[in-house]
Amino acid sequence: MNITVKRLSYGIGAEILGADLTQPMSDETIAQIRRAWVDNGIVLIRDQQITPEQHIAFSARFGQLDDHSALYKYRHPEHAEIFIVTTRPNADGSPSNTRETGVNWHSDMSYTLRPAMGSLLYCLEIPEVGGDTQFANMYLAYDSLSDGFKRLIEPLQAVHTYAWAIHDTEKGRNPEFAKAHIAVNPPVVQPMVRVHPETGRKTLYVSEGVTTHIAGMTHAESQAILQPLFQQAVRPEFTYRHHWRRHDLIMWDNRCAMHKALRDRLPGTHRHMHRTTILGEPSGALYEEPTR
């Protein structure tokens, strides 16, 4: 199978042309795709009419897959490796609990002790207008900081938690859903600067959707450092906005990229996706609230 790689934007991403995920792939082809993925942060492969089994099989060529046990109510009924992200109503007519999944900037599973290495999102239904996803390059976010700011944040750790979902009334999320998720994944501390294990490059590792404050500081004290970083991470020139087409598959590297699903659908239209998640290496530690 002959593939070619085409850049998607200045900030992040590449499109892979010539791939057919319904056909067997050699180790050499998988290595080419992995290289493009690591080099560009995200890769897009269009026009892939794949089954859940083929989606899982392709994803597993890159690492161990999550069974989404912490989100067991929202995984595929026949394939635990697939997490369903949908705006379609539930069978009883109630709103989908995953209708607002990913609407804040984040890196998948950074609030766990084993953050995701990669994610592969496959589009099955998309509105004629809207349903876009944005991606941000966290290498560029770090590299463009001043040397003084780099020295400041290098030794710091930040608290990542799912707790924001309980209070995010704008999203209309079910508080019980969030509380159950936190019970499985209590807050953790992660380094604010991580080193990518395959490239050796430093990357900023904070996100406005999940990072609450800096360990050892109050929330108020933390904001003077975090807010400039949140803004830095999503500067327009560091980002790519993807307009989905049905049967698109995007694979992103959570170790150096953030993403955000946009609330830009027309009323009454739906977005339905399947996602697999490649587990990463253990990172961080459980957060212990300081005693006063």
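Four strands line up as an open sheet in the order 11-7-8-16, with antiparallel pairing. Keep in mind that this is a predicted model. Beyond that sheet, the picture below takes in two separate nonpolar cores, a bent helix 7, and a couple of buried strand residues, Ala136 and Thr86.

**The open sheet**

- The edges of the sheet are strand 11 (211-214) and strand 16 (285-286), and each of them pairs on one side only.
- Strand 7 (residues 157-160) runs antiparallel to strand 8 (residues 188-191), and the two share 4 bridges.
- If you want a landmark for that pairing, look for His160, which sits opposite Val188 in strand 8.
- Strand 7 also pairs with strand 11, again in the antiparallel sense, over 3 bridges.
- Here the landmark is Val159, which faces His213 in strand 11.
- As a rule for reading such pairings, side chains in a regular strand alternate between the two faces of the sheet.

**The nonpolar cores**

- The largest nonpolar core holds 25 residues, and Ile16, Phe58, Leu249 and Met251 have the most contacts inside it.
- Two or more residues each come from helix 1 (27-40), strand 3 (42-45), helix 2 (52-60), strand 5 (116-125) and strand 13 (249-253).
- Helix 1 is the top contributor to this core, giving 5 residues.
- Leaving aside residues up to four places away in sequence, Ile16 touches Ile3, Thr4, Ile33, Ala36, Val43, Leu44 and Ile45.
- There's also a second, separate core of 20 residues, with Met138, Ile153, Val193 and Ala233 among them.

**Helix 7**

- Helix 7 (residues 219-233) is 15 residues long and spans 20 Å from its first C-alpha to its last, close to the 21 Å expected at 1.5 Å a residue.
- It isn't straight, though: helix 7 bends by about 40° at Ile225, with a proline, Pro228, following within four residues.
- Its buried residues are Ser222, Ile225, Leu226, Leu229, Phe230, Gln232 and Ala233.
- An α-helix has 3.6 residues a turn, so residues three or four places apart point the same way.
- The buried residues of helix 7 pack against quite a list of elements: strand 6 (133-137), helix 3 (138-143), helix 4 (147-153), strand 10 (202-204), strand 11 and strand 14 (257-261).

**Ala136 in strand 6**

- Ala136 belongs to strand 6, and this residue counts as buried because its relative accessibility is 0%, where the cut-off is under 20%.
- Not counting residues up to four places away in sequence, Ala136 touches Ile12, Trp105, Ala233, Val234, Phe238, Thr239, Cys256, Ala257 and Met258.
- One of those contacts, Ala233, is also a buried residue of helix 7 and a member of the second core.
- Ala136 and Pro191 are 55 residues apart in sequence, and their C-alpha atoms are 19 Å apart in space.

**Thr86 in strand 4**

- Thr86 is part of strand 4 (residues 83-86), and it counts as buried because its relative accessibility is 10%.
- The side chain of Thr86 reaches the backbone nitrogen of Arg88 at 3.0 Å.
- Further along the sequence, with residues up to four places away left out, Thr86 touches Ser96, Thr98, Arg99, Arg271 and His272.

Methods. Residues are numbered from 1 along each chain as its sequence is written. This is a predicted model: local features need pLDDT of at least 70, side-chain atom pairs count only at pLDDT 80 or more; totals for chains, interfaces and linings use all residues. Side-chain values use heavy atoms; hydrogens and water are left out. A nonpolar core is a set of buried Ala, Val, Leu, Ile, Met, Phe, Trp, Tyr and Cys residues joined through side-chain atoms within 4.5 Å. Buried means under 20% relative accessible area, exposed over 50%, partly exposed in between (1.4 Å probe, protein chains only). Contact means heavy atoms within 4.5 Å. Two strands pair if DSSP finds at least two bridges between them. The expected span of a helix is 1.5 Å times one less than its number of residues. The bend at a residue is the angle between axes fitted to the seven residues ending there and the seven starting there. A polar contact is a pair of N or O atoms within 3.5 Å; within protein, one must be able to donate a hydrogen and the other to accept it, and residues adjacent in sequence count only if both atoms are side-chain atoms.
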